Amino acid sequence: MLRVFGHFSLRSEWQLVKVDYKSIFSRRCNKDDYQTWHLHNQGEPCVMGERKIYKKRKPGAQCSLGRDYSQTVVSEPCVCGQGDFECDYGYERHSNNQCVPAFWFSPSSLSKDCSIGQSYLNSTGYRRIVSNNCTDGLREKYMAKMEKCPGKAPQGLHILTTDGKLVTEQGHNATFIILMEEGDLQRTNIQLDFGDGIAVSYANFSPVEDGIRHVYKSAGIFQVTAYAENSLGSDTAVLFLHVVCPVEHVHLSVPFVAIRNKDVNITAVVWPSQAGTLTYFWWFGNSTKPLITLESSISYIFTVEGMNTVTVQVSAGNTLIQDTKEIAVHEYFQSQLLSFSPNLDYHNPDIPEWRQDIGKVIKRALAQVTGIPDEQILVAVFPGLPTSAELFILPHKNTTERRKSTEADLEQVVEILFNALNQNLVQFELKPGVEVIVYVTQLTLAPLVDSSTGHSSSAMLMLLSVVFVGLAVFLIYKFKRKIPWINIYAQVQHDKEQEMIGSVSQSENAPKITLSEFTDPEELMDKELDTRVMGSISTIANSESTKEIPNCTSV
């Protein structure tokens, strides 16, 4: 009976068809209806290590098989031959039909988990095919053999982290894994030095199979060293681990104004300061390729006048932060320190945004009072208390060709600004009822900042003249007794004092005073000269301090 079910079409219901062969097979088969059949593989009677003989119905015999029908007549094992084996793991068959180790496989690695005194199965490079039932023959030759574990020195020692990265964060667990290609794992001592003054030791590899955890308390680059040793030798592995502290803020420290074609030092201040190994990416102007350094400072030469943009990105592990500043670049400029009335300090929160806003307010006040264009004034408020700032006076744009005339114009601008500041005309309203006055404070040292050599030579001559005048005053004071005109002046003074003493002694009502009670003429002269010299120096100092000479910052 044969049953078939299915669909006649995609939309039809299930159909069941029964085919009855009883009309064809009217009787059951007997032994004369069967014949034997030998299973073979291209004439080879042994298949999968067995020789099998089956019986099947003769062609033309129209009889049905009974329930007691047995298909297999004979099944017996064969002697193992070359075809009953395949190459073992790590081996490959070459052209000569021999199994040899593959280039990536080391047969000795099978015994690395084996300790002295134990045994292990050493592969011959062959293994019997699964479900093959052959016996004897090549079986003994190709089967893996039990051998005693050899003693080996540690070789191929490796140390790595569980996530495969060479960077970890300060205060977090760093897990190390130690691997060894060859050696007695059970009788090999392991020592791991974390590089921060802490090390651990183990008698064998069993405790380190799941990894060794360690927490670094400081940032930096640490040399992690693994050392394996047994009675036959030793091996060492090294790993350099970067421990970083996530950076939270970066401040780009740049000058507000710089000289064209002069070196400018730029510094990136990172917080926290102990962040470990950092990488700095510097962009200048419209450059598309950054300069990459491991130092937080860089020196750069600006060749284009005007406002130049500087951007720094700081990379620490997976963290990347940046800061951007602008620098005004000119051929020359002048600068002046400013101070303010004390009431400004009470409202100073000392944050960058507040300083930027106050700088704009001061700039607007200066422009309103003096009528000077905004592009020629730059005000930078310094952090900290008391509140102070620096005023930069810049030349007109595109005035490089008429240098001398623009320098004279700049001097006039400086004079106008200083007059307004000295007369307390520059003030602004911080909030209703709070008026802040802007003052001129300490002047800078150089007369005019530029890239030429003429002004630097004049400044040097002025400095040398001041030094010579001071040296002359010191020599006069130190060696005054050896100078002839000073001795004559002292002798005349001595004669005059003698006459005055004589006239006083002739008076009857005057008390009697001996000559010894008077101060020695030379001592008196010393004191008088001291007084005159100190007085002249103080007079010079006072006269110097009253002069208002505009100075500039030398870059």
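**Entry 1. Sheet of three strands**

I started with an open sheet of three strands, which has the order β21-β23-β26 and antiparallel pairing. β21 and β26 (297–301) are at its edges, each with a single partner strand, so one side of each has no neighbour in the sheet. On average, neighbouring strands here are turned by 25 degrees against each other, direction ignored. I keep in mind that the model is predicted.

I then went through the pairs. β21 and β23 run antiparallel and are joined by five bridges. In this pair, H251 stands opposite V269 in β23. Five bridges also join β23 to β26, again antiparallel. There I noted that T267 has S297 in β26 as its bridge partner. A general reminder for myself: strands of a sheet pair through backbone hydrogen bonds, either parallel or antiparallel.

Which side chains of β21 are buried, and which are not? V250 and L252 point to one face and are buried. H249, H251 and S253 point to the other face and are not buried. The side chains thus alternate along β21.

**Entry 2. Sheet of five strands**

Next I looked up an open sheet of five strands, in the order β22-β28-β27-β24-β25. Its pairing is mixed. β22 (257–259) and β25 (291–293) are the edge strands; each has a single partner, so one side of each is left without a neighbour in the sheet. Neighbouring strands in this sheet are turned by 30 degrees against each other on average, direction ignored.

I checked one pair in detail. β24 (residues 279–284) pairs with β27 in the antiparallel sense, over six bridges. Y280 stands opposite V314 in β27.

**Entry 3. Helix α2**

How far apart are the end C-alpha atoms of α2? They are 27 Å apart. Helix α2 covers residues 352–370, which is 19 residues, and at 1.5 Å a residue the helix should span 27 Å, so the two values agree.

I listed the buried residues of α2: W354, R355, I358, G359, I362, A365, L366, A367 and T370. To read such a list, I recalled that an α-helix has 3.6 residues a turn, so residues three or four places apart point the same way. Just after α2 comes G371, with a positive phi of about 75 degrees.

**Entry 4. The largest pocket**

The volume of the largest pocket is about 1,400 Å³. It is lined by 45 residues, and those closest to its centre are F256, E326, L378, V379 and A380.

Which element gives the most to this lining? It is α2, with seven residues. Elements that supply at least two lining residues each include β21 (249–253), β23 (263–271), β27 (306–316) and β28 (319–330). β30 (377–381) and β31 (388–393) also supply at least two each. I sorted the lining by class and have 21 nonpolar, 11 polar and 13 charged residues.

**Entry 5. Backbone exceptions**

Before this entry I wrote down the general rule that most residues other than glycine have a negative phi, and most peptide bonds are trans.

Where are the cis bonds I looked up? One joins W271 and P272, with omega about 0 degrees. P272 is in the loop between β23 and β24. Another runs from L385 to P386, with omega near -5 degrees. P386 is in the loop between β30 and β31.

For positive phi outside glycine, I noted N97, with phi near 70 degrees. N97 lies in the loop between β8 (91–93) and β9 (99–101). Its relative accessibility is 35%, so N97 counts as partly exposed.

S131 also has a positive phi, near 75 degrees. S131 lies in the loop between β11 (126–128) and α1 (139–142). Is S131 buried or exposed? S131 is exposed, because its relative accessible area is 58% and the cut-off for exposed is over 50%.

**Entry 6. A loop residue, S64**

Last, I looked up S64, in the loop between β5 (50–57) and β6 (72–77). S64 is partly exposed, with a relative accessible area of 25%. How far is S64 from I24 in space? Their C-alpha atoms are 9.2 Å apart, while the two residues are 40 residues apart in sequence.

Terms used: Residues numbered from 1 in each chain as written. Predicted model: local features only at pLDDT ≥ 70, side-chain atom pairs only at ≥ 80, totals over all residues. Heavy atoms only, no water. Helix = DSSP H or I, 4+ residues; strand = E, 2+ residues; numbered from the N terminus. Expected span 1.5 Å × (residues − 1). Buried < 20%, exposed > 50% of the residue type's maximum accessible area, 1.4 Å probe, protein only. 1 Å grid on protein atoms, 1.4 Å probe; cavity = no way out; pocket = protein on both sides within 12 Å on 5 of 7 lines; lining within 4 Å. Points joined across faces, edges and corners; volume = space filled by probe spheres on them. Nonpolar A, V, L, I, M, F, W, Y, C, P; charged D, E, K, R; others polar. Pairing = 2+ DSSP bridges. Axes fitted to C-alpha atoms, helices over the stretch in contact; angles between N-to-C directions.
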